[in-house]
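Here is a short set of exercises to work through with the sequence and the model side by side. Try each task before you read its solution.

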Amino acid sequence: MIHVERPSEEKLLKLNVRSWPIWTKEVSEFPWEYDEPETCYILEGDVIVTPENGDPVSFGKGDLVIFPEGLKCRWKINQAVRKHYRFG
């Protein structure tokens, strides 16, 4: 299950999110599989991720998103994405 939340500034500081690497991607659509969990904080963008055999999950700027290990899904980027991310 994909977890999406609107984190407090306190939580972002505790996770040290701003020290994580940044990933960017243009408007596109592609399949993805997670071989380990990923936590990311969306700086810009509008995305819909649809898990295999699951319901679409939307998220965007200001959201903290956690993807579980083993998730197979399809990313649909409607507005270019810029995010901090951390695996494991």
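**Exercise 1. Find the loop that holds Asn16, then describe its backbone and exposure.**

Step 1. Asn16 sits in the loop between α1 and β2 (22-25). Helices (H or I, at least four residues) and strands (E, at least two) are DSSP runs, numbered from the N terminus. The model is predicted, so local features need pLDDT of at least 70, side-chain atom pairs count only at pLDDT 80 or more, and totals for chains, interfaces and linings use all residues. Residues are numbered from 1 along each chain as its sequence is written, and side-chain values use heavy atoms, with hydrogens and water left out.

Step 2. Turn to the backbone: phi of Asn16 is near 60°, a positive value in a residue other than glycine.

Step 3. For exposure, the relative accessible area of Asn16 is 45%, so this residue is partly exposed. The classes are buried (under 20% relative accessible area), exposed (over 50%) and partly exposed in between, with a 1.4 Å probe and protein chains only.

Step 4. Now look at Asn53, which also has a positive phi of about 60° although it is not a glycine. Asn53 lies in the loop between β4 and β5, and that hairpin has five residues between the strands. With a relative accessible area of 81%, Asn53 is exposed.

**Exercise 2. List the elements of the chain in order and judge its overall dimensions.**

Step 1. Count the elements: there are one helix and seven strands. From the N terminus on, they run β-α-β-β-β-β-β-β.

Step 2. The radius of gyration is 12 Å, close to the 12 Å that the globule rule gives for 88 residues, so the chain is as compact as a globular protein of that length. Here the radius is taken over C-alpha atoms, and the globule rule is 2.2 Å times the number of residues to the power 0.38.

Step 3. Along the principal axes, the C-alpha atoms fill a box of roughly 35 × 25 × 20 Å.

Step 4. Check the contacts (heavy atoms within 4.5 Å): of those with a separation of 6 or more, 76% are between residues 24 or more positions apart.

**Exercise 3. Which strands does β4 pair with, and over how many bridges?**

Step 1. Two strands pair if DSSP finds at least two bridges between them.

Step 2. β4 (residues 38-51) and β7 (residues 72-87) are antiparallel and share 12 bridges. In this pairing, Thr39 stands opposite Arg86.

Step 3. β4 and β6 are antiparallel too, with four bridges; Tyr41 has Leu64 as its bridge partner in β6.

Step 4. Four bridges also link β4 to β5 in the antiparallel sense, and Asp46 is partnered by Gly60 of β5.

**Exercise 4. Identify the residues with the most contacts inside the largest nonpolar core.**

Step 1. A nonpolar core is a set of buried Ala, Val, Leu, Ile, Met, Phe, Trp, Tyr and Cys residues joined through side-chain atoms within 4.5 Å.

Step 2. The largest one has 16 residues, and those with the most contacts inside it are Ile2, Val47, Val49, Phe59, Val65, Phe67 and Trp75. At least two residues of this core come from each of β4, β5, β6 and β7.

Step 3. Zoom in on Phe59: beyond its neighbours within four places in sequence, its contacts include Val4, Ile42, Val47 and Trp75.

Step 4. A second, separate core of five residues includes Leu12, Val17, Trp20 and Tyr41.

**Exercise 5. How many salt bridges are there, and what does the one between Asp63 and Arg6 tie together?**

Step 1. Apply the rule, a side-chain nitrogen of Lys or Arg within 4 Å of a carboxyl oxygen of Asp or Glu; the count is seven.

Step 2. Asp63 and Arg6 form one of them, at 2.9 Å from N to O. Asp63 lies in the loop between β5 (57-60) and β6 (64-67) and Arg6 in the loop between β1 (3-5) and α1 (9-15), so the pair ties together parts that are 57 residues apart in sequence.

Step 3. Compare exposure: Asp63 is buried at 10% relative accessible area, whereas Arg6 is exposed at 60%.

Step 4. Two further examples are Glu5 with Lys11 (3.1 Å, N to O) and Glu9 with Arg18 (3.1 Å, N to O). Lys11 is partly exposed at 32% relative accessibility, and Glu9 is partly exposed at 43%.
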